[in-house]
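This report walks through selected local features of one structure, beginning with a glycine and its surroundings and going on to a sheet and the cysteines.

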Amino acid sequence: MKKWISLFLALALALGCMSFAAAEETRTFTDSTGRTVEVPANITKFAISGPLTQIVIFALAPDKLVGVSSDWSEEAKAFISEEAYNLPKLGQLYGGKGEMNLEELLASGAQVVIDVGEPKNTVKEDMDALTEQTGIPFVHITATLATFGDAYEMLGDLLGMPEEAAVLADYCREIYARGKDISEKAELKNLLYVSGAEGHNVIAKSSYHSEVIDMLSNNLAVVDDPSSKGSGNEVDMEQILNWNPDYIIFAPGSIYATVGEDATWQSITAIANGDYIEVPNAPYNWMGFPPSVQRLLGLIWMGKVLYPETADYDLYTEVAKYFDLFYHCELTQEAYDALVANSVK
């Protein structure tokens, strides 16, 4: 992070861009860290810190987004507007596959940089340093599966879009509450979420990525050191056989297509009974990789697939509503059927 800040400052000085907001009317905004930040009173252009923020913010204000943190997938092209799909790639602030493109960011006219998600240990110091040294306000808004409603309300305040944000906030709270209700009423299935090219990775119970899985199943993947990475924990086939799940969810790109013909996998109850599915993967993995607001879509899908009698709703109708709200896309029955071809029973 220190190296990143130094590079950012050097480039800002070179371009003579020490303050984007100097001539603008401003106001104060208090972010989730408790920082009081001076921001433009009318924000029409903003940048984002990474892919989690990208997914959250695209639902609320895609027309104000000056660039994306990572390229959209090829599968996403069918669901995202051409203008949004072709936004410049700016990179991301924390980790990932590419650092933020500083020259592009400074040239974009972004009035603020928004970071949404679970806070890093140094988030307050990072936001303060970047704000002070670049003249661009950096703000952090905390968002977890249970608090996306609160996050959208804060975003609505920041961007001057309270009514639009309230629609998304209410929706997030409704879907989360319904998922909790299903988990309390249903007899939870013994389940594994399996990933990796060989199917030897699992999303461990109580890990950073397992919240939806843990809520809607008895996650059998109990390990000593749950990984915080999206790839999960690597285990051997013997361990998977010992767990012997009644149901398996396979990640996109794993071995869903071949396990039915594999003698070893066929000895597992879930495979023998045909109780396994593959996660839909457009525009993003519906189970939350990266772990952003689309985890609510995972709650909708997983709840209905696993507990159809308890989840009293039509899956296509609910998914289509999500796509309308969060991707600004009309999801046809044909497109939906293609998305869930391996994902519903």
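Leaving aside residues up to four places away in sequence, G260 touches Q266, I271 and Y276. The model in which these contacts are found is a predicted one. G260 lies in the loop that runs between strand β10 (247–250) and helix α10 (263–266), and with a relative accessibility of 33% G260 counts as partly exposed, since that class covers values between the 20% limit for buried and the 50% limit for exposed. As for its relation to a residue further along the chain, G260 is separated from L331 by 71 residues in sequence, and their C-alpha atoms are 31 Å apart in space.

**The three-stranded sheet**

Three strands form an open sheet in the order β3-β4-β5, and their pairing is parallel. The edge strands, each of which pairs on one side only, are β3 (46–48) and β5 (138–142). From one strand to the next the twist averages 30°. Strand β3 is joined to β4 (residues 112–117) by three bridges, the two strands running parallel, and I48 stands opposite I114 in β4.

Two helices can be described together with this sheet. Helix α2 (residues 51–60) lies across β3 and β4 and runs at about 100° to β4, whereas helix α5 (residues 123–134) packs on the sheet, where it touches β4 and β5, and has a direction that makes about 155° with that of β5.

**The cysteines**

How many disulfides does a search of the whole structure find? The search finds zero. In the case of C172, the closest cysteine sulfur is that of C329, and because the two sulfur atoms are 18 Å apart, they are too far from each other for a bond; the cut-off for a disulfide is a sulfur pair within 2.5 Å. Seen from the other side, C329 is likewise in no disulfide, the nearest cysteine sulfur being that of C172 at 18 Å.

Are these cysteines buried or exposed? C172 is buried, with a relative accessible area of 2%, and C329, at 11% relative accessibility, also counts as buried, because buried means under 20%. The table sets these two cysteines beside the glycine described at the start.

| Residue | Relative accessibility | Class |
|---|---|---|
| C172 | 2% | buried |
| C329 | 11% | buried |
| G260 | 33% | partly exposed |

Definitions and conventions: Residues are numbered from 1 along each chain as its sequence is written. This is a predicted model: local features need pLDDT of at least 70, side-chain atom pairs count only at pLDDT 80 or more; totals for chains, interfaces and linings use all residues. Side-chain values use heavy atoms; hydrogens and water are left out. Buried means under 20% relative accessible area, exposed over 50%, partly exposed in between (1.4 Å probe, protein chains only). Two strands pair if DSSP finds at least two bridges between them. Helices (H or I, at least four residues) and strands (E, at least two) are DSSP runs, numbered from the N terminus. Axes are lines fitted to C-alpha atoms, for helices over the stretch in contact, and angles run from 0 to 180 degrees between N-to-C directions. Contact means heavy atoms within 4.5 Å.
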